[in-house]
Amino acid sequence: MKKYIKILWIILLIGLDQLVKAVIASNYEVGEGFPVIKDILEINYVQNTGAAWGMMADSTVFFAIFAFIVTIILLYVLFKIPADKSYNYLKITMVFLISGAVGNLIDRICRKFVVDFIYFKIIDFPVFNIADIYITVSGIALVILVLFYYKEEQLEFLSLKKQKSNN
């Protein structure tokens with residue numbers, strides 16, 4: 001995946017997240033929404049000033065700084081991944097992870113809270129958003145890739161040690 005295509009995908013994924021959040025925030029009051037599938041799935045507008053599930057509420061500045069630092073690290077890793085096609089799964093995973101982090105970071109900076117709106121009523125799961133889906137699914141995929149797909153030597157590019165020369 002070429003660098004500009006990675007950036008384009010990140011922008012598109014962030015754009016989708018931000019567009020949906022803008023539609024929700026501009027059309028509903030906090031706590032308001034509508035059922036998508038009766039008693040199972042709802043759209044329910046929530047303003048989250050904390051982390052996942054509202055933990056550490058009112059910590060927007062802390063999470064914004066943390067997300068910014070993590071995003072810089074993830075971008076560094078993304079552009080350090082070798083061009084070989086065998087790393088495409090890792091590149092795609094990183095693109096989604098970065099997109100989710102930046103999507104919620106934009107909310108924290110511009111709104112001072114994260115717009116959450118997807119609510120699984122049937123299991124009373126905490127309200128979340130599209131960026132959260134990006135982060136969760138790509139985080140799980142990253143763990144699976146690192147543990148079961150890539151061999152240790154395939155991930156040596158991540159080492160902070162100077163790479164050995166093959167002379």
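Glu 42 counts as buried, with a relative accessibility of 16%, where buried means under 20% relative accessible area, exposed means over 50%, and partly exposed is in between (1.4 Å probe, protein chains only). This residue makes a good starting point for a walk through the structure, which is a predicted model: local features need pLDDT of at least 70 and side-chain atom pairs count only at pLDDT 80 or more, while totals for chains, interfaces and linings use all residues. Residues are numbered from 1 along each chain as its sequence is written, and side-chain values use heavy atoms, with hydrogens and water left out.

First, the overall layout. The protein contains 4 helices and 3 strands, and reading along the sequence gives the pattern α-β-β-α-α-β-α. Here helices (H or I, at least four residues) and strands (E, at least two) are DSSP runs, numbered from the N terminus. The protein has 167 residues, of which 37% count as buried. Contacts (heavy atoms within 4.5 Å) often span long stretches of sequence: among those with a separation of 6 or more, 65% are between residues 24 or more positions apart. About 10600 Å² of the protein is exposed, and carbon and sulfur atoms supply 69% of that area. Accessible areas come from the Shrake-Rupley method with a 1.4 Å probe, and for residues only the protein chains shown count as cover.

Charged pairs come next. A search of the whole structure finds 6 salt bridges, each being a side-chain nitrogen of Lys or Arg within 4 Å of a carboxyl oxygen of Asp or Glu. Glu 42 takes part in one of them, with Lys 121, at 3.5 Å from N to O. Because Glu 42 lies in strand S2 and Lys 121 in the loop between S3 and H4, this pair ties together parts that are 79 residues apart in sequence. Lys 121 also meets Asp 39 in a salt bridge, at 3.8 Å from N to O. Asp 39 lies in the loop between strand S1 (33–37) and strand S2 (41–48), and Lys 121 in the loop between strand S3 (114–120) and helix H4 (130–149), so this second pair joins parts that are 82 residues apart in sequence. Both loop residues are partly exposed: Asp 39 has a relative accessible area of 43%, and Lys 121 one of 37%.

Another group of charges is found elsewhere in the sequence. Asp 17, Lys 21, Asp 107 and Arg 111 are linked in a network of salt bridges. Within this network, the closest N and O atoms of Asp 107 and Arg 111 are 3.0 Å apart. Asp 107 is buried, at 0% relative accessible area, whereas Arg 111 is partly exposed, at 24%.

The surface also carries a nonpolar patch of about 700 Å², made by Phe 34, Val 36, Ile 37, Ile 40, Phe 120, Ile 122, Ile 123 and Phe 125. Patches are made of residues with over 30% relative accessible area and no salt bridge; like charges are joined within 9 Å, and nonpolar side chains (Val, Leu, Ile, Met, Phe, Trp, Tyr) within 5 Å. Strand S1 gives the largest share of the nonpolar patch, 3 residues. Phe 125, by contrast, lies in the loop between S3 and H4, and at 34% relative accessibility it counts as partly exposed.

Finally, strand S2 also holds Asn 44, a buried residue with a relative accessible area of 17%. Leaving out residues up to four places away in sequence, Asn 44 touches Gly 31, Glu 32, Gly 33, Asp 116, Phe 117, Tyr 119 and Val 127.
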